[in-house]
Amino acid sequence: MHEMSIAQSLLNIILQEGATHQIRRVVSVALKVGELSSVVPESLRFCFELIAQGTIVEGAELQIERVPVTCRCEDCGTQFSVEHLLFVCPSCHSRRVEVLSGRELNIQSLEAE
Amino acid sequence: MRTVPVVRNILEANQRLAEENRKVFRDAGLFVINLMSGPGAGKTSLLERTIDGLRGQVRIGVIEGDIQSTYDADRISQKGAQVVQLNTGGACHLDGNMIKSALEPLDLERLDLLVVENVGNLVCPAEFNLGEDMKVMILSVAEGDDKPLKYPLMFQTSAVLLINKVDLLPYVDCDVKVMRERALQLNGDLTIFEVSCRTGQGLEAWFQWLREQVAMRKAKGDGAKA
Ligand SMILES: Nc1nc2c(ncn2[C@@H]2O[C@H](COP(=O)(O)OP(=O)(O)O)[C@@H](O)[C@H]2O)c(=O)[nH]1
Ligand SMILES: [Mg+2]
Ligand SMILES: [Zn+2]
């Protein structure tokens, strides 16, 4: 369950930012998590809630936006969104494709007091 | 109440450590593989075979990642290779920091190839870079040809897929053609080898691929693709 290490990294970043911006309490945290990332949102929420206890971010809500998987064909340049895990260009059927989005594991912003 | 924009990668700390490791590997002229699979697919068996097969040609070092025990490191040590055992004490994957801490006892100048045997798991290891040149994964025919559909990230991020235990094909319901096709739909750039660490079938092609990668790393110095 790597969600625990991801939750820990997330908490570290929030505590750093909290000190920089003199935040007393974090109410919610906006995240972007790609559809291709192996993070299970429910299990990330669970882990985060656990380790956030006793910190400025205790009880904060994780708002997780999922980012769809998109690719660009390296042969014909077509950009397409990946469905049913088919990393194949819909125009020319090439399999030489570059992943543009879907692997995100980013923090975006904090709602804070 | 106010909104504080904080656009950062959650795994940036690991990413930094992986880059530090990568620099150490490049300076030593090492080719580095992050070897991943589910438990029991044959990572340690492949390493034993590879150390024997490349003896006198490629100097191989191994970092063994396991939740517990030194069993795999002992197997590698018996083959005469430099080896470090990492015990994650429960963690389901290795990260950049663990690799950094494992490097000290290794004499990198006397190695050509470093293989990190990751914790047996088809999900988590794919998310954490270690500073490797390439991710290499093993899927054994006993695990079934549906696995690419269930663990897309690992197939998507690996450069090489070894389909192991082909000696068992007569006994299992696994269609290698289907397995290959499903893997290639996720990642058309995958280099695929069909092997048996039991009979040795197909291993020479893998050894040859490794010889070439190591030679390219030496030729390019630190300019090779990450
Ligand atoms: N029949 C068969 N068994 C294999 C093969 N490769 C490995 N094994 C067996 O699979 C088991 C797990 O192998 P191991 O290398 O320890 O897997 P690891 O957990 O990925 O390191 C052991 O009992 C090996 O002997 C193979 O090609 N064919
Ligand atoms: Mg092993
Ligand atoms: Zn195309």
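How many salt bridges does the rule count over all chains? The count comes to 26 over all chains, where a salt bridge is a side-chain nitrogen of Lys or Arg within 4 Å of a carboxyl oxygen of Asp or Glu. One of the pairs is R95(A) with E181(B): R95(A) lies in the loop between β4 (79-81) and β5 (97-101) of chain A and E181(B) in helix α7 (residues 176-186) of chain B, so the pair joins two chains.

Before I go on, please keep in mind that this is a predicted model, in which local features need pLDDT of at least 70 and side-chain atom pairs count only at pLDDT 80 or more, while totals for chains, interfaces and linings use all residues. Residues are numbered from 1 along each chain as its sequence is written, chains are lettered from A and ligands numbered from 1 in the order in which they are written, and side-chain values use heavy atoms, with hydrogens and water left out.

Let me turn to the interface. Chain A brings 35 residues to the contact and chain B brings 30 residues, contact meaning heavy atoms within 4.5 Å. Together they bury about 3000 Å², 58% of it on carbon and sulfur atoms, buried area being the accessible area (1.4 Å probe) that two parts lose on being put together, summed over both. Of the area that chain A buries against chain B, 19% is supplied by L85(A), R95(A) and R103(A), more than by any other three residues.

Across this interface the rule finds 3 salt bridges, and in the one between R95(A) and E181(B) the closest N and O atoms are 2.5 Å apart.

The strands also meet here. Strand β6 of chain A is joined to strand β1 (residues 2-9) of chain B by 6 bridges, and the two run antiparallel; strands are DSSP runs (E, at least two residues), as helices are (H or I, at least four), numbered from the N terminus, and two strands pair if DSSP finds at least two bridges between them. Within this pairing, L110(A) stands opposite V4(B).

Finally, the magnesium ion (ligand 2) has as its protein donors T44(B) (OG1), D72(B) (OD) and E117(B) (OE), lying 2.1 Å from it. Donors are N, O and S atoms within 2.8 Å of the metal (3.2 Å for Na, K and Ca), and water is not among the atoms, so sites may look incomplete.
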